[in-house]
Structure formats: structure tokens, C-alpha cells
Amino acid sequence: SAVVPIDDVVQAWFTLPELAERLGVPVTAVRRMLEDRELVAVRRGERNVLCVPAGFLDDAGPLPALKGTFTVLADGGFADEEIVSWLHTPDASWPGGPTALDAIRAGFKTEVRRRAMEEAI
């Protein structure tokens with residue numbers, strides 16, 4: 001499937017300092033989450049600032065099911081921007097909602113990862 005420009009599909013973002021404040025942790029902890037691939041960030045805007053889609057988090061922090069999903073997509077040849085786009089692009093066939101991210105939130109991580117493997121570039 002075609003990769004949709006991320007700003008067309010992702011409505012809400014956190015910069016790393018905003019995310020640190022929301023989670024009540026130092027920015028270094030947010031950077032560690034990125035290094036550990038618990039979260040994926042992309043550079044956006046005029047200042048090319050690292051930003052994380054707001055949908056990658058719940059009240060407790062990063063959605064646990066995302067880490068393995070990021071790995072499957074990255075192993076399949078997806079760049080981080082393509083991962084963000086793929087997880088947010090609407091597709092009526094997803095169980096639990098219009099996007100892969102909604103499907104993960106609804107408990108369908110196995111289905112999302114199966115399709116991610118099929119999408120491998």
C-alpha cells in the first residue's frame with residue numbers, strides 16, 4: 001500500500017519535551033524510550049523537531065504492543081516515517097477501528113503484526 005504523508009494522517013503530536021512533561025519524566029527518559037524502540041519519532045516542521053504521534057501513548061505511557069510492531073515493520077524495510085504513516089493510514093479492513101493503531105488499541109496486535117509482515121518491502 002502507498003505511504004500517505006504523515007501530516008495527512010497524524011493529527012496530534014508531542015515534541016520530546018512535551019512528552020517528558022506529560023509522562024512526568026526527564027527528556028533523557030523519553031530519548032531512552034526512542035532508543036529502546038518503545039516509541040518512534042519523526043522530524044517535522046520548520047525546525048525539524050523530533051515528534052512522537054500522540055496516539056502511540058495511553059495514560060500509562062507508550063502502548064506496550066507497539067514495540068514489537070515497530071520491530072516487525074523496521075525488519076520489513078520500513079523507515080520510521082513509513083512506520084508512522086502505516087500505523088495511522090485508514091483502511092476499512094482493520095478490526096477494532098479505521099487504522100492499524102486503532103486495531104492495536106482494540107487488542108488486535110497479532111493481526112496487525114501479521115499484516116505488517118505481509119507488507120514488508
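At 42% relative accessibility, asparagine 48 counts as partly exposed, because that class runs between buried (under 20% relative accessible area) and exposed (over 50%), worked out with a 1.4 Å probe on protein chains only. This is a predicted model, where local features need pLDDT of at least 70 and side-chain atom pairs count only at pLDDT 80 or more, while totals for chains, interfaces and linings use all residues. Residues are numbered from 1 along each chain as its sequence is written, and side-chain values use heavy atoms, with hydrogens and water left out.

**Two loop residues with positive phi**

Asparagine 48 is in the loop between E2 and strand E3 (49-53); helices (H or I, at least four residues) and strands (E, at least two) are DSSP runs numbered from the N terminus. Its phi is positive, about 60°, although asparagine 48 is not a glycine. Most residues other than glycine have a negative phi. Arginine 37 is another such case, with a positive phi of about 65°. Arginine 37 is in the loop between H3 and E2, and at 25% relative accessibility it counts as partly exposed.

**Some arginines, side by side**

Here are three arginines from helices and a strand.

| Residue | Element | Relative accessible area | C-alpha separation |
|---|---|---|---|
| Arginine 32 | helix H3 | 46%, partly exposed | 19 Å to glycine 55, 23 residues apart |
| Arginine 43 | strand E2 (residues 42-44) | 47%, partly exposed | 13 Å to serine 85, 42 residues apart |
| Arginine 105 | helix H6 | 42%, partly exposed | 9.9 Å to proline 64, 41 residues apart |

Now for what they touch. Leaving aside neighbours within four places in sequence, arginine 43 is in contact (heavy atoms within 4.5 Å) with Asn48, Val49 and Leu50. So the loop residue asparagine 48 turns up again here, as a contact of arginine 43. With residues up to four places away in sequence not counted, arginine 105 touches Ala54, Gly55, Leu57, Asp58 and Leu63.

**The aromatic group**

Rings of Phe, Tyr and Trp (its six-membered ring) pair if their centres lie within 6.5 Å; planes under 30 degrees apart count as stacked, over 60 as edge-to-face and the rest as tilted. By this rule there are three aromatic pairs. In one of them, phenylalanine 78 and tryptophan 86 have ring centres 6.4 Å apart and planes at 75°, so the pair is edge-to-face. Tryptophan 86 also pairs with tryptophan 94: the centres are 5.6 Å apart and the planes are at 85°, so this one is edge-to-face too. Phe78, Trp86 and Trp94 form one aromatic cluster. Phenylalanine 78 and tryptophan 86 are both buried, and tryptophan 94 is buried as well.

What sits over the ring of tryptophan 94? It's the charged end of arginine 115, 4.0 Å from the ring centre. A charge sits over a ring if NZ of Lys or CZ of Arg is within 6 Å of the ring centre and within 35 degrees of the ring normal.

Threonine 99 is also a contact of Trp94. Leaving aside neighbours within four places in sequence, its other contacts are Leu87, His88, Thr89 and Pro90. Threonine 99 is in the loop between helix H5 (80-88) and helix H6 (100-105), and at 10% relative accessibility it counts as buried.

**The nonpolar core**

A nonpolar core is a set of buried Ala, Val, Leu, Ile, Met, Phe, Trp, Tyr and Cys residues joined through side-chain atoms within 4.5 Å. The largest one has 39 residues, and Val52, Phe56, Trp86 and Leu87 touch the most other members. Helix H4 (residues 64-75) gives the most to this core, with five residues.

Take Phe56. With neighbours within four places in sequence left aside, the contacts of phenylalanine 56 include Leu39, Val40, Pro62, Leu66, Phe70, Val84, Leu87 and Leu101. His88 and Gly61 are among them as well.

**H2 against H3**

How do helix H2 (residues 16-23) and helix H3 (residues 27-35) pack? Their angle is about 105°, with the axes 8 Å apart. Axes are lines fitted to C-alpha atoms, for helices over the stretch in contact, and angles run from 0 to 180 degrees between N-to-C directions. H2 and H3 are therefore roughly perpendicular to each other, a label for 65 to 115 degrees; under 35 is roughly parallel, over 145 roughly antiparallel and the rest oblique. On the H2 side, Leu16, Pro17, Leu19, Ala20 and Leu23 meet Val27, Val30, Arg31, Met33 and Leu34 in H3.
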